[in-house]
Amino acid sequence: VWEQSPDPAALAKGRNGTVTVRVRNTGGEEARNVRLEVEMPQEVGFVQATPAVRPDGARVAFGPEAVAPGGERVFTITYRAERAGQAWFRFRLAAD
């Protein structure tokens, strides 16, 4: 199970915001090779990520990681609004 949330939902040009993705393992076995990829929209620029990763252009990739049964991993990207417009982040989550 995963959920993502931007904070704030609307942002003025030049200001920073965050998008957080929480990945929960609701199963009875360890989730292995958990990978999260985030495609950042052209309206924003990368500032930092937790856990620390480096972007590859507009793509930010986390993992692979293991998530224990009942466990959770939290991934956060801090970004700066660089252009006016609607910014849509694209998320892709995969695991073995």
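**Figure 1. D56 and its salt-bridge partner.** D56 is exposed in this predicted model, with a relative accessible area of 54%. D56 forms a salt bridge with R59, and the closest N and O atoms of the two are 3.7 Å apart. R59 counts as partly exposed, at 31% relative accessibility. The structure holds eight salt bridges, and further examples appear in the next two views.

**Figure 2. A salt bridge between R92 and E37.** The closest N and O atoms of R92 and E37 are 3.2 Å apart, and the two residues form a salt bridge. R92 belongs to strand β7 (residues 90-94) and E37 to strand β3 (residues 31-39), so the pair ties together parts that are 55 residues apart in sequence. R92 is exposed, its relative accessible area being 52%. E37 is partly exposed, at 23% relative accessibility. The two residues are also placed across from each other in the strands: E37 stands opposite R92 in β7. Five bridges join β3 to β7, and these strands run antiparallel.

**Figure 3. R73, E65 and a salt-bridge network.** R73 and E65 meet through their side chains in a salt bridge, with 2.7 Å from N to O. R73 is partly exposed at 31% relative accessibility, and E65 is also partly exposed, with a relative accessible area of 21%. E3, R22, R24 and E72 are joined into one network by salt bridges that share partners.

**Figure 4. The sheet of three strands.** Strands in the order β5-β3-β7 make up an open sheet of three, and their pairing is antiparallel. The edges are taken by β5 and β7; each has a single partner strand, so one side of each is left without a neighbour in the sheet. On average, neighbouring strands of this sheet are turned by 15 degrees against each other, direction ignored.

**Figure 5. The sheet of four strands.** In this open sheet the four strands follow the order β1-β2-β6-β4, with antiparallel pairing. β1 (2-7) and β4 (44-50) stand at the edges with a single partner strand each, so one side of each has no neighbour in the sheet. The average turn between neighbouring strands of this sheet is 20 degrees, direction ignored. β1 and strand β2 (residues 16-24) run antiparallel and are joined by six bridges. Within this pairing, Q4 has V21 in β2 as its bridge partner.

**Figure 6. Surroundings of T78.** T78 is found in strand β6, which covers residues 72-81. The residue is buried, with a relative accessible area of 14%. Leaving aside neighbours within four places in sequence, the contacts of T78 are N16, G17, T18, G45, F46, V47 and Q48.

**Figure 7. The largest nonpolar core.** This core has 17 residues, of which M40, F62, I77 and F89 touch the most other members. Two or more residues come from each of β2, β3, β4, β5 (59-67) and β6. The most is given by β3, with four residues. In soluble globular proteins, nonpolar side chains tend to be buried together.

**Figure 8. Contacts of the core residue I77.** I77 is among the residues of the largest nonpolar core that touch the most other members. Neighbours within four places in sequence are left aside in this view. On that basis, I77 is in contact with G17, T18, V19, V38, M40, F46, Q48, A49, V60 and F62. Two of these contacts, M40 and F62, are named with I77 among the core residues that touch the most other members.

**Figure 9. R15 in the loop between β1 and β2.** R15 lies in the loop that links β1 and β2. R15 is exposed, with a relative accessible area of 55%. Not counting residues up to four places away in sequence, R15 touches Y79, R80 and A81. The C-alpha atoms of R15 and V67 are separated by 33 Å, and the two residues are 52 residues apart along the chain.

Note on methods. Residues are numbered from 1 along each chain as its sequence is written. This is a predicted model: local features need pLDDT of at least 70, side-chain atom pairs count only at pLDDT 80 or more; totals for chains, interfaces and linings use all residues. Side-chain values use heavy atoms; hydrogens and water are left out. A salt bridge is a side-chain nitrogen of Lys or Arg within 4 Å of a carboxyl oxygen of Asp or Glu. Buried means under 20% relative accessible area, exposed over 50%, partly exposed in between (1.4 Å probe, protein chains only). Contact means heavy atoms within 4.5 Å. Two strands pair if DSSP finds at least two bridges between them. Axes are lines fitted to C-alpha atoms, for helices over the stretch in contact, and angles run from 0 to 180 degrees between N-to-C directions. A nonpolar core is a set of buried Ala, Val, Leu, Ile, Met, Phe, Trp, Tyr and Cys residues joined through side-chain atoms within 4.5 Å.
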